[in-house]
Amino acid sequence: MPKRIVAVIGGGNGSFAAVADAVEGGHDVRWWRRNRESFGPIGTRQAIAVTDHAGTREVAVKPTDDLAAAVSDADLVLAPIPATGQIELAEVLAPHLRDGQVIYLPPGTFGSYLMLRRMREMGMTADVAIAETGTLPWLCRKTAPDAVRITTRASRLPTGTIPARMSGASLSVISDVFPGAIEPVEDALSAALMNAGPIIHPPLILMNAGPIEHFDRWDIHNEGTQPAIRAVHDALDAERIAVREALGYAPPHFPLRDHYETSDWMYGNLAHDKLVDSGDWHEALDLHHHRYMSEDIALGLVFLVSVAEWADVPVPVAKGLVALASAVTGRDLLNEGRTFDSMALSGLSRDAMTSLLQD
């Protein structure tokens with residue numbers, strides 16, 4: 001397997017896991033955060049502690065706040081950051097990119113398109129590809145400023161690229177860093193419609209709003225996952241799949257029920273059981289500001305509703321959940337969020353959309 005130069009962006013749970021796995025995969029990894037001070041003890045130790053099924057160990061890392069040094073010769077820019085930060089990331093990356101580089105957003109919420117468009121607006125001429133997938137490749141949590149616990153890793157990552165004409169080369173690069181896990185899909189919109197967060201989390205936080213606000217900590221994946229909520233999951237996911245089918249995207253559609261009932265979903269065997277058993281998701285949630293609301297609903301679920309409207313597919317469950325979230329937050333999420341209207345895409349024909357995604 002070829003070894004790659006990998007730039008990892010950010011300091012969240014996923015970025016910690018990304019650095020650990022890429023280093024242990026033998027790649028040359030540069031880890032960038034805007035402020036070197038934000039690395040805390042990592043800046044001094046040049047290492048993080050990683051805990052997974054194999055135990056706990058130290059992994060040497062290369063932290064930097066020099067973005068040019070991190071990305072200028074990278075084959076892959078791996079950015080497991082919140083979707084709310086994608087435009088800002090595009091703006092700082094644009095001056096440093098060169099032909100043939102690949103950016104990977106796990107997941108993306110169609111941020112691949114937004115980032116590439118913003119880079120072009122800034123005058124970037126480099127022929128780069130931006131790919132996204134359906135979930136964060138790790139179930140993981142930081143346990144200290146210099147430590148991460150990885151509960152399990154994704155074994156199937158449906159991944160699409162914009163422009164789709166660069167899919168072959170870009171997915172080859174990504175596959176070198178995620179060996180055996182990457183499953184190509186048609187394009188970046190197909191990948192965006194694989195995003196699991198807007199299907200899993202909205203029913204879990206909205207239908208558990210009472211205990212979330214009453215108890216100091218509440219595990220939405222354990223006590224909070226009951227038959228009524230699973231029924232809403234299934235109905236919401238059926239709407240997502242109906243949108244994919246209406247747009248001509250081929251199966252597998254990665255139905256969410258496989259996460260709970262089989263070993264065929266993105267995280268593979270017994271993933272939900274492992275998540276619950278870890279105890280890492282027994283936590284405090286702020287219904288106004290947690291990323292399940294600010295990202296998975298305000299961006300991801302709103303995006304699904306807007307694509308459905310463009311494709312003329314009814315999605316009453318998705319729209320109902322957005323309406324509930326709007327009532328909880330006091331915001332008009334359908335008009336504030338990430339939509340085809342806000343991206344100036346709603347006027348495109350199906351053929352024009354296909355051309356945009358391809359070229």
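Okay, so S2, residues 28-32, and S5 run parallel to each other, with two bridges between them. If you want a spot to look at, take Trp32, whose bridge partner in S5 is Thr64. Keep in mind that this is a predicted model.

Now zoom out to the sheet those two belong to. Eight strands make it up, it's open, and the pairing is mixed. Reading across, the order goes S5-S2-S1-S6-S7-S8-S11-S12. Which strands sit at the edges? That would be S5, residues 63-64, and S12, residues 182-184, each of them pairing on one side only.

There's also a hairpin, made by S3 and S4, with two residues between the strands. S3 covers 47-52 and S4 covers 55-60, and they pair antiparallel over six bridges. One of the pairs there is Asp52 with Gly55 in S4.

Right, pockets. Let me stay with Trp32 for a second, since it turns up again: Trp32 is among the residues nearest the centre of the second largest pocket, along with Ile9, Gly10, Arg34 and Ile81. That pocket holds about 280 Å³ and has 15 lining residues. Helix H4, residues 86-93, gives the largest share of that lining, three residues. By class you get six nonpolar, six polar and three charged.

And the largest pocket? Its volume is about 650 Å³. The lining runs to 36 residues, and the ones closest to the centre are Pro107, Leu136, Arg141, His201 and Arg291. Split by class, that lining is 16 nonpolar, 15 polar and five charged. As for where the lining comes from, H1 (13-24), S9 (138-144), H8 (197-206) and H13 each put in at least two residues.

Hold on to H13, because we need that helix for the last bit, the nonpolar core. As a general point, nonpolar side chains tend to be buried together in soluble globular proteins. Here the largest nonpolar core has 122 residues. Who touches the most other members? Leu93, Phe110, Met119, Phe178, Leu189, Ile205 and Phe340. The element giving the most to this core is H13, residues 291-311, with 13 residues.

Let me finish on one of those core residues, Leu93. What does Leu93 touch, leaving out residues up to four places away in sequence? The list is Leu67, Val71, Val77, Ile103, Met115 and Met119. Met119, you'll remember, is itself on that list of residues touching the most other core members.

That's me done.

How values were computed: Residues are numbered from 1 along each chain as its sequence is written. This is a predicted model: local features need pLDDT of at least 70, side-chain atom pairs count only at pLDDT 80 or more; totals for chains, interfaces and linings use all residues. Side-chain values use heavy atoms; hydrogens and water are left out. A nonpolar core is a set of buried Ala, Val, Leu, Ile, Met, Phe, Trp, Tyr and Cys residues joined through side-chain atoms within 4.5 Å. Buried means under 20% relative accessible area, exposed over 50%, partly exposed in between (1.4 Å probe, protein chains only). Helices (H or I, at least four residues) and strands (E, at least two) are DSSP runs, numbered from the N terminus. Contact means heavy atoms within 4.5 Å. On a 1 Å grid over the protein atoms alone, a cavity is a set of points where a 1.4 Å probe fits but cannot get out, and a pocket is an open set with protein on both sides within 12 Å along at least five of seven lines; lining residues have an atom within 4 Å of a point. Grid points are joined across faces, edges and corners, and a volume is the space filled by probe spheres set on the points. Ala, Val, Leu, Ile, Met, Phe, Trp, Tyr, Cys and Pro count as nonpolar, Asp, Glu, Lys and Arg as charged, and the others, Gly among them, as polar. Two strands pair if DSSP finds at least two bridges between them.
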